[in-house]
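Biologist: Please take one part of this model and look at it closely. I would like a single connected account, starting from one pair of strands and working outwards.

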Amino acid sequence: MPRPATLLTGLVVLLALASVLFPFLWIALASLRPPHLVARPDLLWVAPDPANWRAVLFESDVPRYILNSLLVGTVTVAVALLVGAPAAYSLSRWRTGGAGTRFAILAAEMMPPAVVIVPLFLILWHLQLTNSLVAVVLAHLTFVLPVVTWFLVGFVDDLPRELEEQAMIDGHTRFTAFLRVVLPAIRPGIGAAAVFGFVLSWNDMFYALVLTGGASRTLPVAIAGYWTFRGIEMGKMAAAILVAVVPVTLAAFFLQKHLVRGLGGGAVKT
Amino acid sequence: MPGIRLERLEKRFGEQTVLHALDLVVDEGSFTVLVGPSGCGKTTTLRLIAGLETPTAGRIHIGDRDVTGLEPRARNVAMVFQNYALYPHMTVYDNMAFGLRARRVPEAEIRARIRRVAAMLGLEALLDRRPRQLSGGQQQRVAIGRAIVREPDVFLFDEPLSNLDAELRVAMRGELRRLQRRLGVTTLYVTHDQEEAMTLGDRIAVMEGGRLRQYGTPREIYFRPADLVVARFVGSPAMNLIEGTLGPDGFRASDLELPTLRGPAGPVVLGIRPDDIHPFREGRGLVGPLAARVELVELLGPRAVLTLRLGGRELTAVMAEAEVRDLGEGAGLALGLDPARLHLFDARSGRRLPDPAPVSAAAG
């Protein structure tokens, strides 16, 4: 017989889990119902109908949008790491730009997208880059790059600087020591930052909605597209949502360990 | 094997000067220890030689090469850090091979060298492990092995033993000494532990406040400290220091008179090592007797540390256990000082004065 306190805790956890997971269950069920039965929660059991899935995966442009999202996420993360890792190293080792820099990066990370979007749109429009994936990548970098940099600063902070010094005495330059010792030593951090940055890009709808159209749409924009002027195509939308959710869920699973550490900015030693 | 020569080496961090025009010659093949309290500039000196810091002024020579402007990798030195700085993502083998690969040594030779050094240090079974799978002592060995395998001109050690527990530290100390003898590589070793310095060094450089206070053999440092700083720093328990004046009638302090001491007149500090205070006996040539009271006896086995009260001051003495067996706390004790082992320092400059050999050992 469990103690009442344990029972209560269990109950609270169960409630929390249910409230988080129920929408997923509902979406999953909706994706398997024909259109006229989607809005009928009173019918607990409806024979599964793969029509929505077939429509989304084989008879629509959703696969292309998935590809777009993958491309945007991958390029965004690649650029963010290419710039962010050396930036993090510099910030950690030389407090580049003074004490304000770290704060500025954190602030950039937290800035509401609405602040950035207008100037960004104007710049991209003048550069004739709107309606392109390049525009989305550039927009996503405004928040992925600070996140990745902030994340990696913590990992570099945790790395004793004697490691690079040893490598430099051992025969490397500062730069090759960074490549051969610092980067491999913070590989877990880089992996976590990459996944985290990818998820942020993957989930973004705001920038992508404003900056893209037609063939350059990303998956979240495409999902929103099922909300048409004739009504919401709930079943197809549900199927597309599940497609969008799966990689994020997997990422979260792999990330849980590193996320806390990265967000702690290296303040807490493990 | 080249030695190291530092010429007027100076380092400032902003307003703060951490190293004042240091001149130091480390002999070829010698084991030289830089010792001093934290912040004395010893680690900065080591880092300057390694090329990890840039000197504000002065030159650094390794052998007949002026390495002052060279990058660390061009200096052909090997360094062992206090935290070992083992590359966490590499095996022990790769850690040791890293510096050789950076210098494009052929893999076959790398393998041979690592095998030889691993055998020397008992690391054969650990070559496939990662640093985090090793104990502190094993990590230490790997760090040393990584330095040896490089076959550098100079070894630089920055407090390499201070993260080990006491027993292992003493064992590693002996091993390091033997290794260095065997390899004959010029070694500069930084520590804040004066005992480590005494046991390891052919020569010891005592630093304080960014200045070299004394450079000599362990014997010279211990038996003839050049100034009060060195006298205070070296020796455990610490030297007893008594302020007084020297005049025609000998040494006088508030509650101590040693009429037989001679030297230039003026305010002085008399230094007496705890080992040079004995129970007074006639005919041994001791200065005394001085009437003291025993405050505390701490037995260390064959020897005992005594806290004594002599007038208004406290003295520390180290005596053989047999000599203090019957002494309880509060007991009176007549002290005799070994006149050949007394130290006099100028009270103003802190510098050592000529030996205060008494006019006649039998007097007093």
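Modeller: Start with strand 6 of chain B, which runs parallel to strand 7 (residues 154–158) of chain B and is joined to it by four bridges. One of the residues involved is B:Met79, whose bridge partner in strand 7 is B:Leu156. Keep in mind that this is a predicted model.

Now widen the view to the sheet. Six strands of chain B form an open sheet in the order 6-7-8-3-9-10, and the pairing is mixed. Strand 6 and strand 10 (211–216) stand at the edges. Each has a single partner strand, so one side of each is left without a neighbour in the sheet. On average, neighbouring strands here are turned by 15° against each other, direction ignored. In general, strands of a sheet pair through backbone hydrogen bonds, either parallel or antiparallel.

Next, the contact between the chains. Chain B gives 18 residues to it and chain A gives 15. On the chain B side, strand 6 (77–80) and helix 2 (92–102) are the elements that give two or more residues. By class, that side of chain B has 12 nonpolar, three polar and three charged residues.

Helix 2 deserves a stop of its own. B:Ala97 lies in this helix of chain B. B:Ala97 has 21 C-beta neighbours inside 10 Å; the cut-off is 20 or more, so B:Ala97 counts as buried. Leaving out residues up to four places away in sequence, B:Ala97 touches B:Ile110 and B:Ile114. B:Leu19, by contrast, is 78 residues from B:Ala97 in sequence and 35 Å from it in space, C-alpha to C-alpha.

Set this against chain B as a whole. The chain has nine helices and 20 strands. Of its 364 residues, 42% count as buried. Among contacts between residues at least 6 apart in sequence, 65% join residues at least 24 apart. The C-alpha atoms fill a box of roughly 75 × 45 × 35 Å, taken along the principal axes.

Finally, a look at the partner chain. Helix 3 (residues 62–94) of chain A has 33 residues. From first C-alpha to last, helix 3 reaches 46 Å, close to the 48 Å expected at 1.5 Å a residue. This helix of chain A bends by about 30° at A:Gly84, and a proline, A:Pro86, follows within four residues. Just after helix 3, A:Arg95 takes a positive phi of about 45°.

How values were computed: Residues numbered from 1 in each chain as written. Chains lettered and ligands numbered in written order. Predicted model: local features only at pLDDT ≥ 70, side-chain atom pairs only at ≥ 80, totals over all residues. Expected span 1.5 Å × (residues − 1). Bend = angle between axes of the 7 residues up to and from the residue. Contact = placed C-beta atoms within 7 Å. Nonpolar A, V, L, I, M, F, W, Y, C, P; charged D, E, K, R; others polar. Buried ≥ 20, exposed ≤ 12 C-beta atoms within 10 Å, placed from the backbone. Pairing = 2+ DSSP bridges. Axes fitted to C-alpha atoms, helices over the stretch in contact; angles between N-to-C directions.
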